[in-house]
Every structure is written in structure tokens, then in C-alpha cells.
Amino acid sequence: MSGVQEQLEIRFRLPDGSDIGPKNYSAATTVTTLKESIIAEWPKEMENQPRTVNDLKLINAGRILENNNTLAECRSPICDLTGVTTMHVVVRPPSIERETKRKESKKSKENQCGCVIL
């Protein structure tokens, strides 16, 4: 590689079928940085807005991309990242899972006996 960073043109396909981008990113850009960019550009009128990078998953060529990987590390030998690459964005539902876990833990505490037999 010469001293010039390779640029990749990426479009993000949102769950409703709309797109963010395409924009150019360096091959050294991390997936976390991509997710931060998506959150910043997320359409305000859409439901289910992501709040953190952990609320998003990026899928490229059938693989879920890990936050700490760079775009260069995400390359697949099957898929050449030339031209515009479309990555699919999946949003985790808002705290439904967390609320369910809290309710289950409260129920289990309510059903416990506090008696001590000596």
C-alpha cells in the first residue's frame, strides 16, 4: 500500500428501506465510527431511534461486523469492496429485553420465603 489511504464508498440501508449515504470512508475506519455516523444522521421522524452504538448491528456480505474491527479487516475474499457497498443496519428494540429481565427478577424475589427454621 502506498502512502495514500484507500477510500471506500458505503451506503447504509435502514430497516424501513431508506438509505443514509453513500459517503466515503477510509479503510482504517472502525465499525464503531460507522455506527456513530449512522446515529448522527438517523432520520428524526423514524421510530425506534438508536441511542448508542450497541443498539445497532451492521451486516455486510451476510456477516455481522464487530465494533473494534476496521473496514479493511471486514473485507471478505468473496466480496470485493469496490464501487458503492451497501451495509444493512439492524436496530435492537428499545429496552424490551431489559424490562422483561427486571420483571422476572422481581417475580422470583416475591416468591422466595424469608423464613429461617432453627
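**Exercise 1. Place Ser37.**
Task: Which residues does Ser37 touch, not counting residues up to four places away in sequence?

Solution.
Step 1. Ser37 touches Lys23 and Tyr25. Contact means heavy atoms within 4.5 Å.
Step 2. Ser37 is found in helix α1. Helices (H or I, at least four residues) and strands (E, at least two) are DSSP runs, numbered from the N terminus.
Step 3. The relative accessible area of Ser37 is 17%, so Ser37 is buried. Buried means under 20% relative accessible area, exposed over 50%, and partly exposed in between (1.4 Å probe, protein chains only).

A note on the model before going on. This is a predicted model, in which local features need pLDDT of at least 70, side-chain atom pairs count only at pLDDT 80 or more, and totals for chains, interfaces and linings use all residues. Residues are numbered from 1 along each chain as its sequence is written, and side-chain values use heavy atoms, with hydrogens and water left out.

**Exercise 2. Judge the confidence.**
Task: In which helix is confidence lowest, and in which is it highest?

Solution.
Step 1. Take the average. The protein averages a pLDDT of 80, and 69% of the residues score at least 70. pLDDT is the predictor's confidence in each residue, from 0 to 100.
Step 2. Look at the extremes. Confidence is lowest in helix α2 (residues 96–110), with a mean of 59. It is highest in α1, at 93.

**Exercise 3. Read the buried side of α1.**
Task: Which residues of helix α1 are buried, and what do they pack against?

Solution.
Step 1. Helix α1 spans residues 31–41. Its buried residues are Val31, Leu34, Lys35, Ser37 and Ile38.
Step 2. These residues cover an arc of only 160° around the axis, which puts them on the same side of α1. The arc is that of the directions from the helix axis to the C-beta atoms.
Step 3. Recall the helix repeat. An α-helix has 3.6 residues a turn, so residues three or four places apart point the same way.
Step 4. Find the partners. The buried residues of α1 pack against β1 (7–13), β2 (19–26), β3 (56–60) and β5 (84–91).

**Exercise 4. Order the strands.**
Task: In what order do the 5 strands form the open sheet?

Solution.
Step 1. Start with the chain. From the N terminus on, the elements run β-β-α-β-β-β-α.
Step 2. In the sheet, the order is β2-β1-β5-β3-β4, and the pairing is mixed. Two strands pair if DSSP finds at least two bridges between them.
Step 3. β2 and β4 (63–64) stand at the edges with a single partner strand each, so one side of each is left without a neighbour in the sheet.
Step 4. Add the helix. α1 packs on the sheet, and its direction makes about 115° with that of β3. Axes are lines fitted to C-alpha atoms, for helices over the stretch in contact, and angles run from 0 to 180 degrees between N-to-C directions.

**Exercise 5. Sort the pairings.**
Task: Parallel or antiparallel: in which sense do β1 and β5 pair?

Solution.
Step 1. β1 and β5 pair in the parallel sense over 5 bridges. Arg11 stands opposite Thr86 in β5.
Step 2. β1 and β2 are antiparallel, with 6 bridges. Here Arg13 stands opposite Asp19 in β2.
Step 3. β3 and β5 run antiparallel and are joined by 4 bridges. Leu58 faces Val89 of β5 across the pairing, standing opposite that residue.
Step 4. β3 and β4 are antiparallel over 2 bridges. Asn60 has Arg63 in β4 as its bridge partner.
Step 5. Check the faces of β5. The covered face holds Thr85, Met87, Val89 and Val91. The uncovered one holds Val84, Thr86, His88 and Val90.

**Exercise 6. Find the backbone exceptions.**
Task: Which residues does a cis peptide bond join?

Solution.
Step 1. Know the background. Most residues other than glycine have a negative phi, and most peptide bonds are trans.
Step 2. The cis bond joins Gly21 and Pro22, with omega about 10°. Pro22 sits in strand β2.
Step 3. Ala61, a residue other than glycine, has a positive phi near 55°. Ala61 lies in the loop between β3 and β4. Its relative accessible area is 48%, so Ala61 is partly exposed.
Step 4. Gly17 takes a positive phi near 95° in the hairpin of β1 and β2, which has 5 residues between the strands.
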